[in-house]
Amino acid sequence: MAFEYAPAPESRAIVDLKSSYGLFIGGDFVDGSGHAFKSVSPATEEVLAEIAEATANDVDTAVAAARRAYTRTWSKTSGAERSKYLFRIARIIQERSRELAVLESLDNGKPIRESRDVDIPLVAAYFFYYAGWADKLEYALPHRRGATTTPRPLGVAGQIIPWNFPLLMLAWKIAPALAAGNTVVLKPAETTSLTALLFAEICQQADLPAGVVNIITGAGETGRALVGHPDVDKVAFTGSTEVGKAIGRTVAGTRKSVTLELGGKAANIVFDDAPIDQAVEGIVNGIFFNQGHVCCAGSRLLVQESVYDDVLARLKRRMATLRVGDPLDKNTDVGAINSSEQLARIRELSAVGEAEGAERWSPPCELPDRGFWFAPTIFTGVSQAHRIAREEIFGPVLSILTFRTPAEAVEKANNTPFGLSAGVWTDKGSRILWMANQLRAGVVWANTFNRFDPTSPFGGYKESGYGREGGRHGLEAYLAE
Ligand code: NAD
């Protein structure tokens, strides 16, 4: 049964939005030399602010600021001191968490329940975690045990992030880089720059030395200039596989080190001995959390044939209770699609699903008139050859397939060019371990899904990229021997 809830909107008064934002370079906000572009609220299409586009010249200025800060200040700052700055940033994030959560939901379209309870607490947790590492780097690379020197930072890191978890992806990039002693130039995605710019203010508030963190805004061209800049020592990219491949080609043959966190098409596998209600919660969390804008989303559901009817019936019943709408309403489960471009892609691939013969179903749900919206959707009768089973949709769309034996489940799960994550639902511990060994995925969740922890490395196999973020492994990407 679906309950009626009165509206419970979170106030946006806590956010002090400026009408326009510059670039954060060398500790100050400066004008960019490119054209300004608009950031809109995906839930209402209201223009939130004008953002400066960084040109190749601006990128050059930012990299020079990061280099100066690296040479003169940060590389001479002890691990214990760096640690203090990171702890300070983590605490300010906690203090300003409500402001950050409201701004994230406004700019990205994700429900406030998620930005408040998942994104921002994790952002603080990643800063706290890496703050603890900054003075212990001699233990960061276990294969160097016994070495008399501490591993060195790489220098200036150029970091590019996507729009689905704007501040969390920033934390995954900036916290380990600074802990390891690097300085950074980070470019947020063009549709979600606002929390990165608020983070720049937090760096000022924490008295972080000028130039250690630089935030430049802009789209693909700005990113390309950053990746190609000759004085960048390390490129860290999270985004689509297509752009990741282009970046790989650009840095090939240079001295730059690179990590790529790319797309996914995860299998979420439900065996007949799984606790079905719990599995249904995991399926819903796996694909409808953050509107399915999740690289590790459980977008391919594999259900054992003997429980298929039961799982499908319960899943539909559960989906009918999902509340889609205002991201700032505390009762909202599914928010807005981040941009009109992304909405067009989700619509296009869903139409392909129908044209290829899969059966489409969504619960009855009223979508707001303005903004970018897509109802939670499932496809049944999906075969492995269908595009909706092969390509990343990056939206609230689930493709459902079936299997009979564990071996068939493994074969179908691994039948993808990606390899970021997978989920296994079963009562048997031995089966979980066996499956985890067989699945070609960087993360395998057992009887849960979409769980993140700063101590745990995250990253992909195959076209999902290479390198790991999080945990001790996340430091390796920012250290030289
Ligand atoms: P995208 O690749 O289009 O953009 C990502 C970022 O790269 C943006 O900041 C964009 O401005 C920039 N960019 C675009 N073209 C560029 C170029 N030629 N050179 C340098 N930078 C460029 O991806 P998106 O649509 O913003 O994000 C969605 C994708 O990100 C999905 O495929 C998703 O799976 C992936 N993702 C992966 C992870 C992970 O950890 N593996 C996490 C989140 C998102």
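**Notes on the predicted model**

1. Lys 462 lies in the loop between β18 and β19. This is a predicted model, and the loop is a good place to start reading it. Lys 462 is not a glycine, yet its phi is positive, at about 50°. Most residues other than glycine have a negative phi. The residue counts as partly exposed, because 18 C-beta neighbours lie inside 10 Å of Lys 462, between the limits of 12 for exposed and 20 for buried.

2. Glu 45 also has a positive phi without being a glycine, with a value near 65°. Glu 45 belongs to the loop between β4 (36-40) and β5 (47-52). Is Glu 45 buried or exposed? Glu 45 counts as exposed, because it has 12 C-beta neighbours inside 10 Å.

3. Next, the strands on either side of the Lys 462 loop. Strand β19 covers residues 465-466 and joins β11 through 2 bridges, and the two run antiparallel. Within that pairing, Glu 261 faces Gly 465 of β19. Strand β18 (443-446) is an edge strand of another element, the open sheet described in point 5.

4. Strand β11 (residues 257-261) is mostly covered, with 4 of its 5 residues buried. Besides β19, β11 pairs with strand β10 (residues 234-238). That pairing is parallel and has 5 bridges. One bridge sets Lys 234 against Ser 257 of β11. Between the two strands comes helix α8 (residues 241-251), and β10, α8 and β11 together form a right-handed β-α-β unit.

5. The open sheet has 7 strands, in the order β14-β15-β16-β13-β12-β17-β18. Its pairing is mixed. Which strands stand at the edges? They are β14 (359-361) and β18 (443-446). Each has a single partner strand, so one side of each has no neighbour in the sheet. From one strand to the next, the twist averages 20°.

6. The mixed pairing can be followed from the β14 edge. β14 and β15 are antiparallel, with 3 bridges. Trp 361 has Ile 378 of β15 as its bridge partner. β15 then runs parallel to β16, again through 3 bridges. Here Phe 379 is opposite Ser 399 of β16. At the other edge, strand β17 (residues 421-425) and β18 are parallel and share 4 bridges. One partnership there is Gly 423 with Trp 445 of β18.

7. Which helix lies across β14, β15 and β16? Helix α11 (residues 340-355) does, spanning β14, β15 (377-380) and β16 (397-403). The helix runs at about 135° to β14.

8. Helix α1 (residues 56-72) has 17 residues. From first C-alpha to last, α1 reaches 24 Å, close to the 24 Å expected at 1.5 Å a residue. Its buried residues are Asp 58, Val 59, Thr 61, Ala 62, Val 63, Ala 65, Ala 66, Ala 69 and Tyr 70. Among the elements covering them are strands β2 (23-25), β7 (156-160), β8 (183-187) and β9 (213-215), along with helix α7 (220-228).

9. Ala 90 sits in helix α2 (residues 79-95). Why does Ala 90 count as buried? Because 24 C-beta neighbours lie inside 10 Å of Ala 90, and 20 or more is the cut-off for a buried residue. Leaving out neighbours within four places in sequence, the contacts of Ala 90 are Ala 124, Phe 127, Phe 128 and Ala 131. Gly 155 is 65 residues from Ala 90 in sequence and 23 Å from it in space, C-alpha to C-alpha.

10. Finally, a helix pair. Helix α3 (residues 97-108) packs with helix α6 (residues 194-205) at an angle of about 155°. Their axes are 9 Å apart. The two helices are therefore roughly antiparallel, since angles over 145 degrees count that way. On the α3 side, the contact is made by Leu 100, Leu 103, Glu 104 and Asp 107. On the α6 side, it is made by Leu 194, Thr 195 and Leu 198.

How values were computed:
Residues are numbered from 1 along each chain as its sequence is written. This is a predicted model: local features need pLDDT of at least 70, side-chain atom pairs count only at pLDDT 80 or more; totals for chains, interfaces and linings use all residues. Two residues are in contact if their C-beta atoms, placed from the backbone, lie within 7 Å. Two strands pair if DSSP finds at least two bridges between them. Axes are lines fitted to C-alpha atoms, for helices over the stretch in contact, and angles run from 0 to 180 degrees between N-to-C directions. The expected span of a helix is 1.5 Å times one less than its number of residues. A crossover is right-handed if, with the strands pointing away from the viewer, the path from the first strand over the helix to the second runs clockwise. Angles under 35 degrees count as roughly parallel, over 145 as roughly antiparallel, 65 to 115 as roughly perpendicular and the rest as oblique.
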